[in-house]
Amino acid sequence: MSKAQDPFYIVKEEIQDSIDKLQSSFHQWERVPGGTGEQVHLTKELLANCESIAWQVDELDKAISVAARDPSWYGINEVELENRRRWTSNARLQVADVKRTVGAGKENDNSASAIRRELMRLPNSQQPDISDHYSAKSNDDFVASESDRQMLLLKQQDEELDELSTSVKRIGGVGLTIHEELLAQEKILDELGTEMDSTKNRLDFVQKKMAMVMKKAGAKGQIMIIIFLLVLFIILFILVFFT
């Protein structure tokens, strides 16, 4: 089976695309200042994508385990199986690294938010006076800019979630196709085994009958049977090729 037809490589390509997008979003997350609304949305998106990709890799591992039971039936060898296991292991490590880093950053942001909330509860005499740094107009501009950015992030997140949903459905369809094909092949093998057993029993029966006939006929009878079969063969040959 060629790589273009092998379901493993179809699913692998889908997962690799998801990992590439995950890495791109992760690099963007690293550049975003901590504690901002943009980072919060990116954190939720990254964690959700990590869970989805991890599930896809687990499903692919299950398919590899099925193929490992009889590699020759699927046209692969042990080297190919090891390469596939190595790829899924590497993919799982990449996702785990992103998830661990983002999760640690989320905990740090939660701690910083708690500190800010405590500062907000301090008396006004203990809070820094920042009124000299920002005017009312600057605050309005900042709020408008932040609102626009949040809307853009929400739109991007919706689009990426739609793509992720489509990818998951496609992978699920491929998994069902593989399962149905395995069931069909198993049924064919069972029927073939049954037919072979039946044919073997019939052949054994015919051989026993022939042995009994030859034994009863004796040497002279065997010669007569051979002559009869030879004459019958000549007649059939003439009928087939000369009429």
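In the predicted model, Q23 touches Q94 and V98 when residues up to four places away in sequence are not counted. Q23 itself lies in helix 1. A further relation links Q23 to L46: the two residues are 23 apart along the chain, and their C-alpha atoms are separated by 9.2 Å.

Helix 1 is also the place of S18. With neighbours within four places in sequence left aside, the contacts of S18 are I53, Q56 and S167. The relative accessibility of S18 is 13%, and S18 therefore counts as buried, since this value falls under 20%. The contact between S18 and I53 appears again in the list for I53, which, with neighbours within four places in sequence set aside, comprises I15, S18, I19, L22 and V95.

The protein as a whole comprises 4 helices and 0 strands. Read from the N terminus on, its elements follow the order α-α-α-α. Of the 243 residues in the protein, 21% are buried. Contacts between residues at least 6 apart in sequence were also examined; among these, 73% join residues at least 24 apart.

The largest nonpolar core holds 26 residues, and the members that touch the most other members are I15, L22 and I53. At least two residues of this core are supplied by each of helix 1 (7–31), helix 2 (37–69), helix 3 (78–120) and helix 4 (136–241). Two of these core residues, I15 and L22, are among the contacts of I53 described above.

Open space in the model was considered next. Rolling a probe the size of a water molecule over the atoms shows where empty space is left. The largest pocket contains about 930 Å³ of space. It is lined by 33 residues, of which A63, V66, Y74, I178 and L182 are the closest to its centre. Helix 1, helix 2 and helix 4 each contribute at least two residues to the lining of the largest pocket. Helix 4 provides the largest share of this lining, namely 13 residues.

Aromatic residues form a further group of features. The structure contains 5 aromatic pairs. One of them joins F8 and Y9 in an edge-to-face arrangement, with 5.2 Å from centre to centre and 85° between the planes. The label edge-to-face applies because the angle of 85° is over 60 degrees. Both partners of this pair count as buried: F8 has a relative accessibility of 6%, and Y9 has one of 18%. Each of these values is under 20%, and the two residues are therefore classed as buried.

Aromatic residues also occur together later in the chain, where F233, F237, F241 and F242 form one aromatic cluster. For residues 223–242, UniProt lists the feature "transmembrane region" in an unreviewed entry. In the model, the chain over residues 223–242 is 95% helix and 0% strand. The C-alpha atoms at the two ends of residues 223–242 are 28 Å apart.

Taken by element, helix 1 holds both Q23 and S18, and helix 1 supplies residues to the largest nonpolar core as well as to the lining of the largest pocket. Helix 2 and helix 4 likewise supply residues to this core and to this lining. Helix 3 is named among the elements that each supply at least two residues of the core.

Notes: Residues are numbered from 1 along each chain as its sequence is written. This is a predicted model: local features need pLDDT of at least 70, side-chain atom pairs count only at pLDDT 80 or more; totals for chains, interfaces and linings use all residues. Side-chain values use heavy atoms; hydrogens and water are left out. Rings of Phe, Tyr and Trp (its six-membered ring) pair if their centres lie within 6.5 Å; planes under 30 degrees apart count as stacked, over 60 as edge-to-face and the rest as tilted. Buried means under 20% relative accessible area, exposed over 50%, partly exposed in between (1.4 Å probe, protein chains only). UniProt positions are given in the numbering used here, feature names are shortened, and annotations may be inferred rather than shown by experiment. A nonpolar core is a set of buried Ala, Val, Leu, Ile, Met, Phe, Trp, Tyr and Cys residues joined through side-chain atoms within 4.5 Å. Contact means heavy atoms within 4.5 Å. On a 1 Å grid over the protein atoms alone, a cavity is a set of points where a 1.4 Å probe fits but cannot get out, and a pocket is an open set with protein on both sides within 12 Å along at least five of seven lines; lining residues have an atom within 4 Å of a point. Grid points are joined across faces, edges and corners, and a volume is the space filled by probe spheres set on the points.
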